[in-house]
Amino acid sequence: QVQVVESGGGLVQAGDSLRLSCAASGRTFSTYTTGWFRQTPGKEREFVAVISWSGGVTDYADFVKGRFTISRDSAKNTVYLQMNSLKPEDTAVYYCVADLRSVERVRAGEARYWGQGTQVTVSS
């Protein structure tokens, strides 16, 4: 019913910035809780950020607070992850997630819809 597609990943230097985009097809994101997870081979999937359907509630993993910002543009049916002050340890595949579930449940990894992932590589 809903497809989510991430873009914007790439290779950057430590300290640089990158903005990831997540575009939805099918049902609009306007009523969905959306978020971002990341995963590196050999490590468990990690929660990164989440935003409520209204955009009024956001939450972040401790390791990105003050550096990453999640936002959404209802007109473009798109959610963004602005990543600043990138570190080599931020290197991972980043996944966009979406669901009608609450912020808390999406944060816990219970979203129904997941994107294919976009690779972010930060060199030291």
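**Exercise 1. State in which loop N77 is found, and work out whether N77 is buried or exposed.**

Solution. Begin with the position along the chain: in this predicted model, N77 is found in the loop between β7 (68-73) and β8. Next take the accessibility, which for N77 is a relative accessible area of 14%. Buried means under 20%, so N77 is buried. Finally, look at the backbone, where phi of N77 is near 55°, a positive value in a residue other than glycine. Most residues other than glycine have a negative phi.

**Exercise 2. Describe S85 in the terms used for N77: its loop, its phi and its accessibility.**

Solution. S85 lies in the loop between β8 and β9, and although S85 is not a glycine, it has a positive phi of about 50°. The relative accessibility of S85 is 40%, and since partly exposed covers the range between under 20% and over 50%, S85 counts as partly exposed.

**Exercise 3. Find where L86 lies and which residues it is in contact with, leaving aside neighbours within four places in sequence.**

Solution. The first step places L86 in the loop between β8 (78-83) and β9 (92-99). The second step concerns burial: with 1% relative accessibility, L86 counts as buried. The third step lists the contacts, among them V12, A14, D16, L18, F68 and V122. A last step gives a distance, for the C-alpha atoms of L86 and T69 are separated by 12 Å, the two residues being 17 residues apart along the chain.

**Exercise 4. Decide how the aromatic pair of Y32 and Y113 is classed, and what parts of the chain it links.**

Solution. The count comes to four aromatic pairs. In one of them, Y32 and Y113 have ring centres 6.2 Å apart and planes at 50°; planes under 30 degrees apart count as stacked and over 60 as edge-to-face, so this pair is tilted. The pair links distant parts of the chain, with Y32 in the loop between β3 (18-26) and β4 (33-39) and Y113 in strand β10 (residues 113-114), 81 residues apart. Both Y32 and Y113 are buried.

**Exercise 5. Class the aromatic pair of F37 and F47, and describe what surrounds F37.**

Solution. For F37 and F47 the separation is 5.7 Å centre to centre, with 75° between the planes, and the pair is edge-to-face. Because F37 lies in strand β4 and F47 in strand β5 (residues 46-51), the pair ties together parts that are 10 residues apart in sequence. F37 and F47 are both buried. Together with Y95 and W114, F37 and F47 form one aromatic cluster. The charged end of R45 also sits over the ring of F37, 5.4 Å from its centre.

**Exercise 6. Locate T118 and D99, and determine whether each is buried or exposed.**

Solution. Taking T118 to begin with, its place is in strand β11 (residues 118-123), and its relative accessible area of 11% makes it buried. A polar atom of the T118 side chain lies 3.2 Å from the backbone nitrogen of G9, and the residues that T118 touches include E6, G9, L20 and Y94. Turning to D99, this residue lies in strand β9 and, at 7% relative accessibility, counts as buried; among the residues that D99 touches are Y32, T33, E110 and R112.

Definitions and conventions: Residues are numbered from 1 along each chain as its sequence is written. This is a predicted model: local features need pLDDT of at least 70, side-chain atom pairs count only at pLDDT 80 or more; totals for chains, interfaces and linings use all residues. Side-chain values use heavy atoms; hydrogens and water are left out. Rings of Phe, Tyr and Trp (its six-membered ring) pair if their centres lie within 6.5 Å; planes under 30 degrees apart count as stacked, over 60 as edge-to-face and the rest as tilted. Helices (H or I, at least four residues) and strands (E, at least two) are DSSP runs, numbered from the N terminus. Buried means under 20% relative accessible area, exposed over 50%, partly exposed in between (1.4 Å probe, protein chains only). A charge sits over a ring if NZ of Lys or CZ of Arg is within 6 Å of the ring centre and within 35 degrees of the ring normal. A polar contact is a pair of N or O atoms within 3.5 Å; within protein, one must be able to donate a hydrogen and the other to accept it, and residues adjacent in sequence count only if both atoms are side-chain atoms. Contact means heavy atoms within 4.5 Å.
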